[in-house]
Structure formats: C-alpha cells, structure tokens
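The following exercises are to be worked with the sequence and the coordinates at hand. Each task is followed by a solution in steps.

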Amino acid sequence: MTQWSGYFGLIMQGALVTIELTLMGSVLALVMAFLAGMGRLSRFFVLRALATAYIEFFRGTSIFVQLFFAYFVLPLVGFELTPLQAGVLALGLNVGAYAAEVVRGAVQSIGREQHEACIALNLGRWQGMRHVILPQAFLVMLPTFGNNAIELLKATSVVSLISLADLTFQAQVVRAQTGNTMVPFTTILVIYFILALLISWGVRSLERRMARGLDGVRV
Amino acid sequence: MDWDWNFVWEIMPTLIQGVKITILATLLGSVLAAIVGLGIALARRSPNKALSRGVGWVAEFIRGTPLLVQLYFIFYVLPDIGILLPPLVAGAIGLGLHYGTYTAEVYRAGIDNVPRGQWEAAKACNLSARQTWSHIIIPQAIPPMIPALANYFIAMFKETPLLSAITVLELMNQAKSVANTYYRYLEPITLVGAFFLAISLISVVLLRWLERRYGKIER
C-alpha cells in the first residue's frame with residue numbers, strides 16, 4: 001500500500017504554486033487589461049494602434065507558444081527569466097489581452113448621458129472616467145473578469161511544461177514515483193475544480209458588494 | 001543570437017509535417033465538439049431531471065478544469081482500465097470533450113432563441129417531437145450559431161500545441177524537437193508563433209464574413 005499522505009503534501013505544494021501563479025497572473029492581467037482597454041479608447045492614434053497590436057498578437061497566438069517564447073527565446077536576447085517569471089508574464093499578458101476587450105466593451109456600454117453629465121459638471125476626461133464612468137463600468141466587467149480568471153487558472157497547468165512545480169507537475173511526479181495514474185490526476189482535477197468554484201464565488205460576492213453603492217443608478 | 005534564414009528553410013519541411021497534424025487534430029476535435037455539444041445541450045433540456053442535472057454537472061466540471069490535465073487523464077489513466085488510444089485520437093477526444101462543453105452553451109442559446117411560436121406551430125401541425133426538432137427547430141437554430149461555433153473552433157486550434165504534451169507530433173512538438181536537435185530555439189518557436197498568428201488573422205476575416213453572412217448573434 002502506498003503512503004499517500006506524503007504524496008498528498010507534494011500535491012498541496014503544487015496547489016500553492018498554482019494559486020500563487022493565478023494571483024500574480026491575474027494582477028498583471030488586470031493592469032494590462034486597463035492599460036490596453038483604455039489605450040483602445042484613446043484619442044491618440046499611436047496609443048490605439050499599440051493597444052490593438054498588443055491585443056491582436058496575444059489573442060492570436062497560443063498561450064503555450066507565448067510561454068515557450070518567454071522561457072526559451074527571451075533569454076537569447078538578454079532577458080533571463082525564472083520559470084515563475086516567464087509563467088506570470090505569459091499568463092498575465094495573454095489573459096490581459098482578452099480582458100482588455102472586456103474593459104473596452106464595458107466602458108462603451110455606459111450610456112451617452114453619463115458622458116454628457118460629466119461634461120455638464122465640467123469634469124476633465126480623466127476625472128469623469130475615474131469618478132463616473134469606471135465605477136459603473138467595473139460592475140459590468142466583473143462577471144467576465146471572473147470567467148477570465150478561471151481561464152487563467154486553467155492555463156496555469158501549461159507552466160508544468162517549463163518545469164515549474166505546479167499542481168500538474170506534482171501530479172506527474174507522483175505518477176512517476178508510485179506508478180499510479182488514477183489517484184493523482186483525479187485529485188488534481190478535483191482541486192482545480194474547487195479553485196474554479198472559489199473564484200466564481202469570490203467574484204459573485206465582490207459583485208454584490210460593489211453593486212451596493214449603485215442602487216438606483218443602474219437599472 | 002541572429003536570425004538565420006538558411007536554418008529556417010532547412011527546418012521548414014519538418015514544421016510543415018507538424019502543421020498537417022495540427023490541422024488534422026483541429027478538424028477531428030471540431031467535429032467531435034460539434035457532436036458532443038449538441039448531445040450535452042439536448043440532454044440538459046431533457047425532462048428527466050437526473051439526466052439533465054447529471055450532464056450539467058459533468059459539463060461544469062469539464063469546463064472548470066484544465067485541458068492539459070484532461071489530456072493526461074485520457075492518455076495515461078484510460079490505459080489502466082484497458083482502453084489504449086493512439087496519441088492523436090486521445091488528443092482529438094480531449095479537445096472534442098473540452099470544447100463540447102463550450103459549444104453546448106452555444107447550442108443552448110441558439111435553441112432558446114427560436115421563437116416560441118415555432119414550437120406552437122409545430123404542435124398545431126401535429127408534428128412529432130422528432131419531426132419538430134429535425135424540420136423546425138434545428139434548421140432555424142443552426143445558422144445564427146455558426147459564427148459563435150467557428151469562434152470556439154479557432155480557440156481550439158490555438159490550444160492544439162497542448163497535444164505535444166501527450167506526444168502527438170504536431171507543430172509545437174516538431175518545433176521543440178528541431179530546437180533540441182540544433183540547440184536553436186529562436187527560429188522554430190518564432191515560426192510557430194508566426195504561423196498561429198497568421199492563421200488567427202485570416203480566421204478573423206473569415207469570422208467577419210460568417211457574421212455578415214449568417215446575421216448578427218448576441219454574444
């Protein structure tokens with residue numbers, strides 16, 4: 001009989017790495033999403049072009065290829081990255097590109113009258129964005145951001161292929177050491193699913209919280 | 001490290017071998033996803049509560065866990081219970097099942113969008129359930145779904161590099177193997193990226209055309 005408790009500890013270590021990657025990747029994705037999303041709405045052609053190029057490039061190529069590019073090709077031009085850095089970079093930039101379109105769509109979905117109200121109150125472009133448009137748009141973005149975060153969580157499994165010891169990697173280790181495939185892989189599938197449920201639950205409760213102050217503003 | 005065109009031409013035939021397998025895997029996966037998705041969508045509408053709930057949960061689980069782990073599961077766990085699949089078949093099944101849970105949502109939305117009056121008219125004409133589906137509902141539900149389905153097939157195409165993890169000799173795997181043979185990562189990985197980007201940009205044009213041809217669809 002195999003001693004499962006030790007192996008379970010190994011898988012839990014992997015779960016920590018996966019959670020760490022998901023959190024760091026999400027932060028980077030969020031930053032990129034707002035930068036690129038706002039860039040696409042900019043008055044300046046250069047910013048719009050840059051943002052569009054970024055979004056099309058990262059949505060157009062596979063996350064797997066981007067990760068390999070970050071890990072194997074960037075060192076050749078002088079960027080030495082640890083597997084964790086490469087993973088966070090690729091995941092954040094990839095999911096950020098998808099989320100940027102969400103930001104753009106949400107900002108555009110805010111009614112014209114809100115923009116007009118900003119002008120009537122003599123708010124600057126940035127002030128209007130910061131105090132009027134974004135607080136409302138953010139609520140529209142949240143559910144889709146939740147889905148994006150789950151996509152990011154699922155994409156983290158790919159980093160196991162650049163030797164980062166996440167859940168999937170540890171499951172492979174356990175499989176190699178015990179010769180048992182069913183138990184480790186079923187365990188990590190369940191753990192991934194629980195993490196995905198946690199994300200969607202977290203986003204839903206955040207949504208409720210954010211919506212509280214906007215009673216009567218939104219229909 | 002500098003870009004070397006001679007090396008590019010030297011490895012091109014190997015990469016083209018990989019492209020063929022990549023496209024084959026995408027086609028097989030797409031067909032399977034289209035069928036599995038329809039099956040899930042129909043099962044979820046079934047009056048049998050146990051069936052619809054059960055299928056719903058399984059679909060939710062598959063959607064909440066990473067494709068890579070599912071591929072490992074199919075490729076490494078199924079042989080334990082006596083099902084030995086060739087890598088490409090295992091890969092196509094993995095892609096088909098995973099994306100089938102996404103296309104199921106597209107089918108669901110498409111079927112829900114068929115106006116109530118059509119169902120009532122079918123009943124008034126005394127059509128059986130089978131006739132209603134095959135002659136009234138499906139022919140009207142399918143065309144508006146086509147752009148959304150194509151969108152998922154393109155997404156699936158971008159996920160095919162994952163198949164290299166279960167030893168399918170698709171584009172990414174061929175690129176990795178030439179990179180490991182010659183210790184040059186720059187050209188192979190960049191070419192893979194460029195290939196995926198080119199196909200995605202072409203498919204964006206194709207999608208626009210499909211959207212025009214088959215009318216607008218709510219996302």
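**Exercise 1. Backbone outliers in loops**

B:T167 is placed in the loop that joins α6 and α7 of chain B. The model is a predicted one.

Task: Determine the sign of phi at B:T167, and decide whether B:T167 is buried, partly exposed or exposed.

Solution.
Step 1. Phi of B:T167 is positive, at about 65 degrees, although the residue is not a glycine.
Step 2. The count of other C-beta atoms within 10 Å of B:T167 is 13, so the residue is partly exposed.
Step 3. For chain A, consider A:N122, a non-glycine residue with a positive phi near 65 degrees. A:N122 sits in the loop between α5 (112-120) and α6 (125-155) of chain A.
Step 4. A:N122 has 8 C-beta neighbours inside 10 Å and therefore counts as exposed. The cut-off for this class is 12 or fewer.
Step 5. A positive phi, near 55 degrees, also occurs at B:Y183, which follows α7(B).

**Exercise 2. A loop residue and its distant partners**

Task: Which residues does B:N113 touch, leaving aside those up to four places away in sequence?

Solution.
Step 1. Locate B:N113 in the loop between α4 and α5 (116-124) of chain B.
Step 2. Its contacts beyond four places in sequence are B:A141 and B:P144.
Step 3. For the pair B:N113 and B:A141, the separation is 28 residues in sequence and 7.2 Å in space between C-alpha atoms.
Step 4. B:N113 is partly exposed because 13 C-beta neighbours lie inside 10 Å.
Step 5. In chain B as a whole, 77% of the contacts between residues at least 6 apart in sequence join residues at least 24 apart.

**Exercise 3. Helix lengths and buried faces**

Task: Compare the expected span of α8(B) with the distance between its end C-alpha atoms, and do likewise for α7(B).

Solution.
Step 1. Establish the setting: chain B has 8 helices and 0 strands.
Step 2. α8(B) has 28 residues, and at 1.5 Å a residue it should span 40 Å; the end C-alpha atoms are 40 Å apart, so the two values agree.
Step 3. α7(B) has 12 residues and should span 16 Å on the same rule; its end C-alpha atoms are 17 Å apart, which agrees.
Step 4. List the buried residues. In α8(B) they are B:E187, B:P188, B:I189, B:V192, B:G193, B:F196, B:I199 and B:S200. In α7(B) they are B:L171, B:M172, B:N173, B:Q174, B:A175, B:K176, B:V178 and B:A179.
Step 5. Identify what covers them. The buried residues of α8(B) pack against α2 (45-60) and α3 (63-73) of chain A, as well as α1 (5-44), α6 and α7 (171-182) of chain B. The cover over the buried residues of α7(B) includes α3 of chain A, along with α1 and α8 of chain B.

**Exercise 4. The contact between the chains and the nonpolar core**

Task: How many residues does each chain bring to the contact, and which residues of the largest nonpolar core touch the most other members?

Solution.
Step 1. Chain B brings 29 residues and chain A brings 27 residues.
Step 2. On the side of chain B that touches chain A, two or more residues come from each of α2 (49-64), α3 (67-77), α6 (129-159) and α8 (186-213) of chain B. The most come from α8(B), with 9 residues.
Step 3. Sorted by class, this side of chain B has 21 nonpolar, 5 polar and 3 charged residues.
Step 4. The largest nonpolar core has 111 residues, of which A:L67, A:A100, A:Y192 and B:L71 touch the most other members. Helix α4 (residues 83-109) of chain A gives the most to this core, with 14 residues.
Step 5. Beyond four places in sequence, A:A100 touches A:M32, A:A33, A:A36, A:G37, A:R40, A:A51 and A:I55.

**Exercise 5. Confidence**

Task: Where in chain B is the confidence lowest, and where is it highest?

Solution.
Step 1. The mean pLDDT of chain B is 88, and 97% of the residues score at least 70.
Step 2. The lowest mean, 85, belongs to α8(B), and the highest, 93, to helix α4 (residues 87-112) of chain B.
Step 3. For the model, ipTM is 0.80 and pTM is 0.83.

Key. Residues numbered from 1 in each chain as written. Chains lettered and ligands numbered in written order. Predicted model: local features only at pLDDT ≥ 70, side-chain atom pairs only at ≥ 80, totals over all residues. Core = buried A, V, L, I, M, F, W, Y, C linked by C-beta atoms within 7 Å. Buried ≥ 20, exposed ≤ 12 C-beta atoms within 10 Å, placed from the backbone. Helix = DSSP H or I, 4+ residues; strand = E, 2+ residues; numbered from the N terminus. Contact = placed C-beta atoms within 7 Å. Nonpolar A, V, L, I, M, F, W, Y, C, P; charged D, E, K, R; others polar. pLDDT = per-residue confidence, 0-100. Expected span 1.5 Å × (residues − 1).
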